[in-house]
Amino acid sequence: MKWIRSRLQGYAGATACIENGRDYSYADLLARIDQVAIRLPPERTIIPIEEPSIFEGLAQLLAIADSPHLAIPLPHLPEGQQRVMRAAAGLDGASMPKLYDELTRSGLILFSSGTSGKPKGMLHNLPALLRRYEGVRPRRDRVLQLLLIDHIGGLDAALRCLLAGSTLVIPKARTAEAAAASIAAHRVSVLPASPTFLNLMLINGVHQSYDCSSVKIIAYGAEAMSAPLLSRLGEAFPGAELQQKFGTSETGAIRIESAGRDSLFFCIKDRDTEWKILEDELWLRNPARILGYLDTSTGGLENDGWYRTGDLVEQDGEGRIRIVGRASALINIGGQKVHPTEIETVLLEMLEVEACRVFGESNPITGQQVACEIFSQAERNLQSWKQSIRQHCRGKLAPWKIPSSVTICPELQVSDRLKRR
């Protein structure tokens, strides 16, 4: 990958990463890539990336990109989950997936977050994925890196930053407080984060406790954003541009353009990506699509290169689209289907509701019924909440869409990938 080395050499004197109290230059990054490359074995093998350091992990990944090997970033998960992932990838003596035979150069193994089911291992052609960043223009931003590089969202933020010559800022912990402290200390200008994490920052008021005025761009993605949260975010960061991001583990990040600061609609503006909508589901096709899954499933992969994303969308009158949610999350109530997002949007209109999750639960008569979990710092009992929710939803939702079951959560639940649990 000569173009990557040439790009990084052009930034040699600039700061590539700030992590654990140390500044690393682009010259340091190139030197570390060379050190890793020298130690790579001659025969193709699977190389786990297990370093807790983001800087070290990225150096290893970029070294492997210019080799015949396969990289697998492994997050620090419980031993049982690690064992399943390692076995699926063919590590530790497990049988090698036949899919690897399709690689002609280096590969990248990623696992989905498992938001809508069991995490799936998938194989990327690593040079093809990296080539998507060749058109990134030079910038002098400071970018907060919250997501780990075992996920396409974390990889996208890191690669887009480094190949632009900007600076990655790694917080001491992936908490709202640590994020705000890093923003203030290092004058971070770009904040990529999930809606759940951004909501966590607002709930904890860290944007008021720390000087976050340096933030000029908030890039949100990885899960659906709600209109009420987007409005609150705009009020909390009036000087920041709010940019929606979109992509999938199977196709990588897709370049999009938001309809406006306060809009959830966007246009796909990616010259390498084709898209279409069939039965309200978004389909994508581009050169970076994965070669396949490590098991024998085809998932949403079609033989002609298309990928059925599983994301349900709606279009406005000008052809722009908005992500409604996952098809797998639809609630079926006696044959009537509703998506949780519709109900969540109504619930979040309630002033004291700071976060919520709507889902279907079993019902012996209708098959499913609507259930919700509410997070609020207001001191109210469950019965009071149930009455308020019914009153608020009446007239805004059909009776069968109003939650039948309500649970009050003591804290906002966040997954390892900073999504809502």
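Which residues are buried in H12? In this predicted model, the buried positions of H12 are Trp385, Ser388, Ile389, His392 and Cys393. Looking down the helix axis, these buried residues sit within an arc of 115°, so they line one face of H12. That fits a general pattern: an α-helix has 3.6 residues a turn, so residues three or four places apart point the same way. As for what lies over this face, the cover on the buried residues includes helix H11 (340-347), along with strands S24 (367-375) and S25 (405-409). The length of H12 checks out too. With 12 residues (382-393) at 1.5 Å a residue, the helix should span 16 Å, and its end C-alpha atoms are indeed 16 Å apart.

Next come the pockets. The second largest pocket has a volume of about 360 Å³. Its lining is made up of 23 residues, and Glu51, Pro52, Ser53, Ile54 and Leu148 are the closest to its centre. Sorted by character, the lining of this pocket comes out as 13 nonpolar, 5 polar and 5 charged residues.

Two loop residues have backbone angles worth a look. Arg187 is not a glycine, yet its phi is positive, near 50°. Arg187 belongs to the loop that runs between helix H7 (176-186) and strand S9 (190-193), and its relative accessible area of 39% makes it partly exposed. Asp280 also has a positive phi without being a glycine, with a value of about 70°. The loop that holds Asp280 links strand S16 (274-278) and strand S17 (281-285).

How values were computed:
Residues numbered from 1 in each chain as written. Predicted model: local features only at pLDDT ≥ 70, side-chain atom pairs only at ≥ 80, totals over all residues. Heavy atoms only, no water. 1 Å grid on protein atoms, 1.4 Å probe; cavity = no way out; pocket = protein on both sides within 12 Å on 5 of 7 lines; lining within 4 Å. Points joined across faces, edges and corners; volume = space filled by probe spheres on them. Nonpolar A, V, L, I, M, F, W, Y, C, P; charged D, E, K, R; others polar. Helix = DSSP H or I, 4+ residues; strand = E, 2+ residues; numbered from the N terminus. Expected span 1.5 Å × (residues − 1). Buried < 20%, exposed > 50% of the residue type's maximum accessible area, 1.4 Å probe, protein only. Arc of directions from axis to C-beta. Contact = heavy atoms within 4.5 Å.
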